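Visitor: I have a new model open and would like a guided tour. Please take me through the helices and a few single residues.

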Amino acid sequence: MRTVTVEKQPLRTGVLMPPRDLALAWSLIALIAALAWVLTVGQARDMGIEPGTMGMALPLFLLLWLAMMAAMMLPSVAPVAVTWARGIARQSSGAERALRTTEFLGGYLLVWTAFGLLAYGGLALTGDLVDRDPEAGKWIGAAAFALAGLYQLGPLKYVCLRHCRSPMAQLMRYAGYRPPLRDLRVGLHHGGYCLGCCWALMVVLVPLGVMNVAAIAGIAVVIFLEKLWRHGALLARVSGVAFLVLAVLAPFQSWLLPGLTPSGMM
């Protein structure tokens, strides 16, 4: 029995942060997300909605993609980040704790930046196809909605969603990670599960428009509710069915495809 107690002791994460530090952690995450929303909305107004990469070079695209991911994902990852900060409260000073939280968030966003490279390639390809044949946008949009719908209803989605909805077991495992870069590794690992949970929702931005603020906000709400609402798993299934319906309608309803319709045709 003593051996079991000794093994479990380092995994305790019930140490409470002082109220001031807890408020600081939440405020920092809220500030980053708010600034990311301001940047995303401002850039979207300037660029509008068009197929492909809209002429953006890769560095600019990744910068805007990172801002968009921070705006969309940080509200839903905030509870995990704050819980992890609680777990290191005994070992870190206030400044170090803030730095380690930033390292965690940096690892998390690095995963989504890597996915942004794939997104850029996909957008460039679809943009070229639509430029050659505007009618191709109908079928690209249908395929994107169908892919998102099928994944939302598939088993891998729920493996990743369970992790994001109940991360405590993983956080206890992360407590065994050793420096250096422990918190970066935690962010990368959790970010990988989050990517597995949400990448299909990002795919629908291809037909809806990567810089479509309404679509971005709607998907951000779905992500937030999937992870934090008690009926989040049910919402994932409902959204999956909705995407399959949109896949059927897309070839016949061009208004569903603003992100695949050349500006002249709009």
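**Helices, burial and long-range pairs**

Visitor: Left-handed or right-handed: what is the crossing of α6 and α8?
Guide: Picture one helix in front of the other: a crossing is left-handed if the near helix is turned anticlockwise from the far one by less than a right angle, and right-handed if clockwise. By that rule, the crossing of α6 and α8 is left-handed.

Visitor: What should I know about the numbering and the model?
Guide: This is a predicted model, with local features needing pLDDT of at least 70 and side-chain atom pairs pLDDT 80 or more, while totals for chains, interfaces and linings use all residues. Residues are numbered from 1 along each chain as its sequence is written, and side-chain values use heavy atoms, leaving out hydrogens and water.

Visitor: At roughly what angle do the axes of α6 and α8 cross?
Guide: The axes are lines fitted to C-alpha atoms over the stretch in contact, with angles from 0 to 180 degrees between N-to-C directions. For α6 (residues 155-165) and α8 (residues 182-203), they come within 8 Å and cross at roughly 130°. That makes α6 oblique to α8, since under 35 degrees is roughly parallel, over 145 roughly antiparallel, 65 to 115 roughly perpendicular and the rest oblique. So the angle behind that label is roughly 130°.

Visitor: How many helices and strands are there in the protein?
Guide: Both are DSSP runs numbered from the N terminus: helices are H or I with at least four residues, strands E with at least two. Along the sequence you read α-α-α-α-α-α-α-α-α-α-α. The count is eleven helices and zero strands.

Visitor: Which side-chain owner caps the N-terminal end of α10?
Guide: α10 covers residues 213-228 and reaches 22 Å, close to the 22 Å expected at 1.5 Å a residue (that is, 1.5 Å times one less than the number of residues). At its N-terminal end, a side-chain oxygen lies 3.2 Å from the backbone nitrogen of A214. The residue supplying that oxygen is N212.

Visitor: What arc do the buried residues of α11 cover?
Guide: Buried means under 20% relative accessible area, exposed over 50% and partly exposed in between, with a 1.4 Å probe and protein chains only. In α11 the buried set is G232, L235, A236, S239, G240, F243 and A247. They sit on the same side of α11, because the directions from the axis to their C-beta atoms cover an arc of only 145°.

Visitor: Buried or exposed: what is V248?
Guide: V248 belongs to α11 (residues 232-249), on the other side of that helix along with L234. Its C-alpha is 9.9 Å from that of G141, 107 residues away along the chain. With 56% relative accessibility, V248 is exposed.

Visitor: How far apart in space are A44 and M211?
Guide: A44 sits in α2 (residues 19-47) and is buried, at 6% relative accessible area. Along the sequence, A44 and M211 are 167 residues apart. In space, C-alpha to C-alpha, the separation is 5.1 Å.

Visitor: What is phi of M54 near?
Guide: M54 is in the loop between α2 and α3 (58-87), and it counts as buried at 19% relative accessibility. Most residues other than glycine have a negative phi. Here, though, phi is positive, near 55°.

Note on methods:
A polar contact is a pair of N or O atoms within 3.5 Å; within protein, one must be able to donate a hydrogen and the other to accept it, and residues adjacent in sequence count only if both atoms are side-chain atoms.
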